[in-house]
Amino acid sequence: MKGVILAGGKGTRLHPLTRITNKHLLPIYDRPMVTYAIEALVAAGIGDLMVVTGGTHAGEFLRLLGNGQAYGIERLSYAYQEEEGGIAEALGLAERFADGDPIVVMLADNIVERSLGPAVKRFRTKPDGALLLLARVPAPEHLRHLGVPEFDGSGRVVRIVEKPEDPPSDLAVTGIYFYDEQVWDVIPALEASGRGELEITDVNNWYVEQGAMEYDVLEGFWGDAGESIDAYYEVNDFVRAHGANKKAAWSTASG
């Protein structure tokens, strides 16, 4: 299994902090944000990684990470997203890197308290379809800004709704996804959304429609440090007080 870290975007929700750098290079407590995603994947046994970035600050990732060995990476590759074409388009740049292997994709502004090891082990054992990591978000007003799964009576995901006015569950789709090789056929067939981007939710809903979507529910803290200025500082405060990527058991709730 290989890992893809998506670290592009303009970071407009973190202006003015991002006027001078990529948001994923901003500090979370005592180190750059992107290094938490690297640590999470490496600690889970993923040593072959690609960082996808873009914009005018892409070279700073090379200056920070180099060949990746200082961060425990066995092989580090880079890809450059020339336009703001969406998360799914950015992921599409990793097709040759994946070379038919299953992949775990992590948005670089996602910070988790607990290890990704159990989910990596689960998908390695049966690398078919897709696996989403979900987080419990009790506040409906927060869920209205996120992707939210809807379940049937047996606990299977029947669709993922983006920014729902009436959230169908209290779980949110985090920016951590596992895919088999079918994803490279799905992405080229996507149509751009109203904002002119290829949406990762459309990729996930394709797997849902095929009956090939599974999920795990994260225990502990999950935060999207790029969601807003307030969220950025909330993540900073949590990591400073409690740390991140800790080895611990997960919930057995899954689908």
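This briefing describes the overall fold, one helix, two pockets and two individual residues of a single protein chain. The structure is a predicted model, and its secondary structure comes to nine helices and 13 strands. The radius of gyration of the chain is 17 Å, close to the 18 Å that the globule rule gives for 255 residues, so the chain is as compact as a globular protein of that length.

**The chain as a whole**

- Taken along the principal axes, the C-alpha atoms of the chain fill a box of roughly 50 × 40 × 40 Å.
- Of the 255 residues in the chain, 55% count as buried.
- If we look at contacts between residues at least 6 apart in sequence, 74% of them join residues that are at least 24 apart.

**Helix H5 and its two sides**

- Helix H5 covers residues 117-125, and within this helix Gly117, Ala119, Val120 and Phe123 are buried.
- These buried residues lie on the same side of H5, because they cover an arc of only 165 degrees around the axis.
- An α-helix has 3.6 residues a turn, so residues three or four places apart point the same way.
- On the other side of H5, the residues Lys121 and Thr125 are exposed.
- The partners against which the buried residues of H5 pack are three strands, namely E8 (130-136), E11 (171-179) and E12 (213-218).

**The largest pocket**

- The largest pocket has a volume of about 1100 Å³, and its lining is made up of 42 residues, of which Arg13, Lys23, Ile87, Leu107 and Arg195 lie nearest its centre.
- Two or more lining residues are given by each of helix H3 (87-92), strand E10 (157-162), strand E11, helix H8 (200-209) and strand E13 (222-224).
- Strand E11 gives four residues, which is the largest share of this lining; E11 is also one of the strands that the buried residues of H5 pack against.
- Sorted by class, the lining of the largest pocket holds 14 nonpolar, 16 polar and 12 charged residues.

**The second largest pocket**

- The second largest pocket has a volume of about 300 Å³, and of the 16 residues that line this pocket, Val137, His142, Trp222, Gly223 and Glu234 are the closest to its centre.
- Strand E8, strand E13 and helix H9 (229-242) each supply at least two residues of the lining of the second largest pocket.
- By class, the lining of the second largest pocket has eight nonpolar, four polar and four charged residues.

**Met1, at the start of the chain**

- Met1 lies in the segment before strand E1 (2-6), and Met1 is buried, because its relative accessible area of 18% falls under the 20% limit that buried means.
- Leaving aside residues up to four places away in sequence, Met1 touches Ile46, Pro102, Ile103, Val104, Val120, Phe123, Arg124 and Phe178; among these, Val120 and Phe123 are buried residues of H5.
- Met1 and Tyr80 are 79 residues apart along the chain, and their C-alpha atoms are separated by 22 Å.

**Val34, in helix H1**

- Val34 is found in helix H1, which covers residues 34-43, and at 0% relative accessibility Val34 counts as buried.
- Not counting residues up to four places away in sequence, Val34 touches Ile5, His24, Leu25, Phe61, Leu64 and Ala108.
- Val34 and Ser154 are 120 residues apart in sequence, and the distance between them in space is 37 Å, C-alpha to C-alpha.

Conventions
Residues are numbered from 1 along each chain as its sequence is written. This is a predicted model: local features need pLDDT of at least 70, side-chain atom pairs count only at pLDDT 80 or more; totals for chains, interfaces and linings use all residues. Side-chain values use heavy atoms; hydrogens and water are left out. Buried means under 20% relative accessible area, exposed over 50%, partly exposed in between (1.4 Å probe, protein chains only). The arc is that of the directions from the helix axis to the C-beta atoms. Contact means heavy atoms within 4.5 Å. On a 1 Å grid over the protein atoms alone, a cavity is a set of points where a 1.4 Å probe fits but cannot get out, and a pocket is an open set with protein on both sides within 12 Å along at least five of seven lines; lining residues have an atom within 4 Å of a point. Grid points are joined across faces, edges and corners, and a volume is the space filled by probe spheres set on the points. Ala, Val, Leu, Ile, Met, Phe, Trp, Tyr, Cys and Pro count as nonpolar, Asp, Glu, Lys and Arg as charged, and the others, Gly among them, as polar. The radius of gyration is taken over C-alpha atoms; the globule rule is 2.2 Å times the number of residues to the power 0.38.
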